[in-house]
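Colleague: Please pick one strand of this model and walk me through it slowly, with its partners, what packs around it and anything odd at the edges.

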Amino acid sequence: FSCGKLAEPEFRGIENFKVGQLGVKESTFTLDLHYFNPNKSGLKLKQAEGDAWMDGNYLGHFTMDTLINVPPQNDFRLPILFKAASGQLLNNSLLSLLGKESLLKVEGKARVGKGGIYIRYPIRYEGKHNLGELLKK
């Protein structure tokens, strides 16, 4: 853990998307983010939070407060609670579900560690995706 730099996990898709509450101002969703850990050692992910944008428009804030064991050189999933501004999410989601490719951007921070020692690790992701295709995986 301290001997070298951590390689970024590889984003594989979105799974188990479920609507929590639909509201006029804010809606909540739960989903699992599927990743692959390319590192030769495992670690624990204690907490994560951040913000997401689609095509430059702010979507909302996500949190994860479950302890996740990230196995070495293997897949893992992060259970996410996402709070989104309902109007903005609806506009962007409908366009994406109709087959349009959108630029997804995520920025945040996570607490990762090993042996009881945790550090803050930046979360940064940007890539073009068809949201409808990601949700089918």
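**A close look at strand S2**

Modeller: Of the contacts in the protein between residues at least 6 apart in sequence, 64% join residues at least 24 apart; a contact here is heavy atoms within 4.5 Å. Keep in mind that this is a predicted model, where local features need pLDDT of at least 70 and side-chain atom pairs count only at pLDDT 80 or more, while totals for chains, interfaces and linings use all residues. Numbering starts from 1 along each chain as its sequence is written, and side-chain values use heavy atoms, with hydrogens and water left out.

The overall layout comes first. There are two helices and eight strands, in the order β-β-β-β-β-β-α-β-β-α from the N terminus. Helices (H or I, at least four residues) and strands (E, at least two) are DSSP runs, numbered from the N terminus. Of the 137 residues, 38% are buried, with buried meaning under 20% relative accessible area, exposed over 50% and partly exposed in between (1.4 Å probe, protein chains only).

Now S2 itself. It covers residues 26-37, and ten of its twelve residues are buried. On one side its partner is S1: the two run antiparallel, joined by eight bridges, and a hairpin of four residues links them. Strands count as paired if DSSP finds at least two bridges between them. One facing pair here is Val19 with Phe29 in S2. S2 also runs antiparallel to S6, this time with twelve bridges; within that pairing, Asp32 has Pro79 in S6 as its bridge partner.

What packs around it? The largest nonpolar core has 26 residues, and Leu33, Leu45, Met64, Leu78, Ile80, Phe82 and Val112 have the most contacts inside it. S2 is one of the elements that give two or more residues to this core, along with S3 (43-54), S4 (57-64), S5, S6, S7 (102-114) and S8 (117-129). By nonpolar core I mean buried Ala, Val, Leu, Ile, Met, Phe, Trp, Tyr and Cys residues joined through side-chain atoms within 4.5 Å. In soluble globular proteins, nonpolar side chains do tend to be buried together. Ile80 shows the packing nicely: beyond its neighbours within four places in sequence, its contacts are Phe29, Thr30, Leu31, Leu33, Phe62, Thr63 and Met64.

Over on S1 there is some nonpolar surface. Phe17, Val19 and Leu22 make a nonpolar patch of about 310 Å². Phe17 lies in S1 and is partly exposed, at 39% relative accessibility. Most residues other than glycine have a negative phi. Asn16 goes against that, with a positive phi of about 55° although it is not a glycine. Asn16 belongs to S1 (residues 10-21) and is partly exposed at 45%.

Gln73 is another oddity, with a positive phi of about 45° despite not being a glycine. Its place is the loop between S5 (68-70) and S6 (74-85), and with a relative accessibility of 47% it is partly exposed.

Pro9 ties these parts together. It sits in the segment before S1, partly exposed at 33%. Its C-alpha atom is 9.6 Å from that of Gln73, though the two are 64 residues apart along the chain. Setting aside neighbours within four places in sequence, Pro9 is in contact with Tyr35, Phe36, Pro38 and Phe76.

Technical notes. Patch = residues over 30% accessible without salt bridge, like charges linked within 9 Å, V, L, I, M, F, W, Y side chains within 5 Å. Areas by Shrake-Rupley, 256 points an atom, 1.4 Å probe, with all protein chains shown as cover. Salt bridge = Lys/Arg side-chain N within 4 Å of Asp/Glu carboxyl O.
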